Amino acid sequence: MAVLQGLRALPLPVGFRAAHIIERNLIHYRRHWIIIFSGFFEPLLYLLGIGYGVGSLVPAIHVPGGQTLRYAVFVAPALMASSAMNGAVYETSFNFFFKLKHMKIFDAALTTPMGVGDVALGEIGWAVARGSVYAIGFLVVMTALGLNASPSAILALPAAMLLGFTFASIGTATTTFVRTWQDFDLVQLILLPLFLFSATFTPISLYPAPLQVVIEATPLYHGVDLIRGLTTGALGPGLVVDVAYLVVLAAIGLTIAGWRMRALLLK
Amino acid sequence: MNLARAGVVLERNALNYRRTWRGSIIVSFVSPILFLAAMGLGLGSLISHGQHRLVAGYPYLDYLAPGLLAATAMQTAALETMYPILAKLMWDKIYESILATPVRVAEVFIGELSWICVRLLIVTTTFFTVMVAFRVVHTPAGILAIPIAVLTGLAFGGAFMAYSSNQRNDSGFAALNRFVVIPLFLLAGTFFPITNLPAVFQAIAWLTPLAHGVALTRAVTLATPMAPPAALGHLAVLVAYAAVGFVIGRRNFERRLTV
C-alpha cells in the first residue's frame, strides 16, 4: 500500500483516466522489473557484436547523400529504432494479450469510470513509455561512444517515441486479432525480417530493386531512415516523408485498435 | 531407473509435437536462415568489398554459417528448456500427472533431455541441409558438424533445465536470454573471430561451450586443419558441460518434484 501511495505521489494527471492503466502496469512490474531492465541490453549487445565486432571487418559505409560513415555509426541509429520498436511491441503483443484474454484486466477496468478509449490509450501510452526508456538509454550510450555525428541527434528521441507510438498502435490492433499463443509465431515471422532487413545492418541499395520497394513500404525502415538521418545529420525532405508515413500508420493502427477493442470488450 | 519409462516421457513430447511443430519451424528454422541471408549475404557483401576481402581466409557467408549452426543449437536448447519445462512443472502440472504413474523423477528428466536431443537433431540437420544448398560445406566430413552442434546444444540443455526447475515465474527467462544466450550468440565467435575481442572477453568466451562448439563446427565444414589435441580439448569442454548440466539438472528436478 505504501508503494501505491508512493506512486500516487508521482505527478500522474489523475483526471486523465488512461493514467490509471499506466499506474497499474508500473505497480505490476515492481516484481518483474528484470524483464524491462534486461530488454535494454538486447540492442546494446547487437551494437557490440555486430556494430563493433563485425564492424571491424567492414570498411566505411557510403550512404545515399554522399556521406561516408564508420560501420558502428551506421548501425547504432538503426538499433536505437529497433529498441523503441521492441519496447512497444513486447508490451502490446504478449503482455497485452495476457491482460486481455487471461487476466481480464480490461473487463475489470471497465467496471470503473474508465472507458475503452482510456484503456487503449493507457496501454499504448505504457508501451510507448517502455520503448522511450530504451531509446533514451540507447541514445545516452551512443553519445558516450561518440556515435552521434550531429547535434540533430537530440531529435532522434522524439523520432524514436513516434516510432514507438506507431508500433504500439499497430501492435495493439494486431493483437486484438490474435486467437491463441501460437498465433504469435506469425508475429515473430514478421518482426524478425523487419529487424534484419530494414536497412538495419546494410544499406538497402544492396538488395534487388523489387525487394527495396517492399522494404520501403514497411514501418521500421522509415523509423531507421528517420533516426539515422538525425544522428548522422543527413537532413532532407525524405525525413518529412518518414514522419508522415509513421503518423499515418499510427492513426490507422489506433483506429483499428479502438474499433476492435470496443468489439471485444463491450459485447 | 527404467529407460523404457523415460522413453514414454519422450513419446509424450513427440505426440505433443505433432500439433505444435509449425510454430517451432519459424523459430528454429526460419530465423537462422534469415540471419544467414541478412548477415552472410547482405553484410558479407560489404565485407568482401573492403580491404579485408575474407574472414580467416574464407568468404563471410562460409565463415558465418557453421557458427550459426552451433548457435542455433544453443538457442534451440534454450527454447525447449525454458517455457516448456516451467509450463510442465508449474502451469500445466504435466509432471504431477506423469509422476502419478510408475514413472520416476529421474526418468522424467532423462525423457525430457532425450526429447531436447531429438529437437536438436531435427534443427541442426535441417540447417545443415540449407548450408549444403548454400555451398558453404567444403568437405564430406562437414557432416560431423551435426553431432557436434547437437553436443553443443546438450552442453547448454542440462544446465538450462537446472535453471528452469528453480524458477517460480517467467521473469528469470528474460534474464537468462538477455544475459547469457544473446551475448553468447553475438560475441562468442559466431559472427566474428574471438581474437577481435578484448583479451578479457576472449578468456570469458573460451569459458563457455558455444565458443568451443563454433570452433569445431567451423573447422569441420571449412576443412581447416585442427591439431588433434585442440579438437579433443574443445570436445572435452562440451562433454564436461553436458555432464555437469546433466547431474545438476537431475538433482534440481528431484528437488522440485519430490514431495
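This is a short conversation about how to read a predicted model with chains A and B.

Trainee: Where do I start? How many helices and strands are in chain B?

Mentor: Begin by listing the elements, and remember throughout that this model is predicted. Chain B has 10 helices and 0 strands, so its pattern from the N terminus is α-α-α-α-α-α-α-α-α-α.

Trainee: And which pattern does chain A follow along the sequence?

Mentor: Chain A reads α-α-α-α-β-β-α-α-α-α-α-α-α-α. That comes to 12 helices and 2 strands.

Trainee: How do I judge the overall form of a chain? What radius of gyration does chain A have?

Mentor: The idea is to compare the radius of gyration with the value for a compact globule of the given number of residues. For the 267 residues of chain A that value is near 18 Å, and the chain has 19 Å, which agrees. Chain B, with 259 residues, also has 19 Å against a value near 18 Å, and this agrees too. You can picture the extents as well: the C-alpha trace of chain A spans about 60 × 40 × 35 Å along its principal axes, and the C-alpha atoms of chain B fill a box of roughly 65 × 40 × 35 Å.

Trainee: What share of each chain is buried?

Mentor: Burial is a matter of counting neighbours: a residue with 20 or more other C-beta atoms within 10 Å is called buried. In chain A, 46% of the 267 residues count as buried; in chain B, 47% of the 259 residues do.

Trainee: Which contacts in chain A join residues far along the sequence, and what percentage are they?

Mentor: Take the contacts in chain A with a separation of 6 or more; residues 24 or more positions apart account for 80% of them. In chain B, 83% of the contacts between residues at least 6 apart join residues at least 24 apart.

Trainee: Could you show me a nonpolar core? Which residues touch the most other members of the largest one?

Mentor: Here is the general idea: in soluble globular proteins, nonpolar side chains tend to be buried together. The largest nonpolar core here has 157 residues, and A:Val75, A:Met80, A:Ala81, B:Leu69 and B:Met74 touch the most other members. Helix α5(A) gives the most to this core, with 18 residues. Look at A:Ala81 for an example: leaving out residues up to four places away in sequence, A:Ala81 touches A:Ala160, A:Leu163, A:Leu220, A:Gly223, A:Val224 and A:Ile227.

Trainee: Now the two chains together. How many residues of chain A are in contact with chain B?

Mentor: An interface can be read by its counts, its elements and its composition. Here, 29 residues of chain A are in contact with 30 residues of chain B. On the side of chain A, α3 (33-39), α4 (41-53) and α9 (184-197) each supply at least two residues, and α4(A) gives the most, with 8 residues. By type, the residues on this side of chain A divide into 18 nonpolar, 9 polar and 2 charged.

Trainee: How do I check a single helix? What should helix α10 of chain B span?

Mentor: Multiply out the rise per residue and compare. At 1.5 Å a residue, the 30 residues of α10 (residues 228-257) of chain B should span 44 Å, and the end C-alpha atoms are 43 Å apart, which agrees. Its buried residues are B:His234, B:Val237, B:Leu238, B:Tyr241, B:Ala242, B:Gly245, B:Gly249, B:Arg250 and B:Phe253. What covers them includes α5 (105-133), α6 (145-164) and α9 (209-222) of chain B.

Trainee: Is B:Phe246 in that helix buried or partly exposed?

Mentor: B:Phe246, which sits in α10 of chain B, has 19 other C-beta atoms within 10 Å, so B:Phe246 is partly exposed. B:Phe246 and B:Ala159 are 87 residues apart in sequence, while their C-alpha atoms are 7.1 Å apart in space.

Trainee: Last topic: backbone angles. Where is A:Lys104 placed?

Mentor: As background, most residues other than glycine have a negative phi. A:Lys104 lies in the loop between α5 (71-103) and α6 (105-110) of chain A, and has a positive phi of about 55 degrees although it is not a glycine. With 11 other C-beta atoms within 10 Å, A:Lys104 is exposed. In chain B, B:Arg135 has a positive phi of about 60 degrees and is not a glycine. B:Arg135 is in the loop between α5 and α6 of chain B and counts as exposed, with 10 C-beta neighbours inside 10 Å.

Note on methods:
Residues numbered from 1 in each chain as written. Chains lettered and ligands numbered in written order. Predicted model: local features only at pLDDT ≥ 70, side-chain atom pairs only at ≥ 80, totals over all residues. Helix = DSSP H or I, 4+ residues; strand = E, 2+ residues; numbered from the N terminus. Rg over C-alpha atoms; globule rule 2.2 N^0.38 Å. Buried ≥ 20, exposed ≤ 12 C-beta atoms within 10 Å, placed from the backbone. Contact = placed C-beta atoms within 7 Å. Nonpolar A, V, L, I, M, F, W, Y, C, P; charged D, E, K, R; others polar. Expected span 1.5 Å × (residues − 1). Core = buried A, V, L, I, M, F, W, Y, C linked by C-beta atoms within 7 Å.
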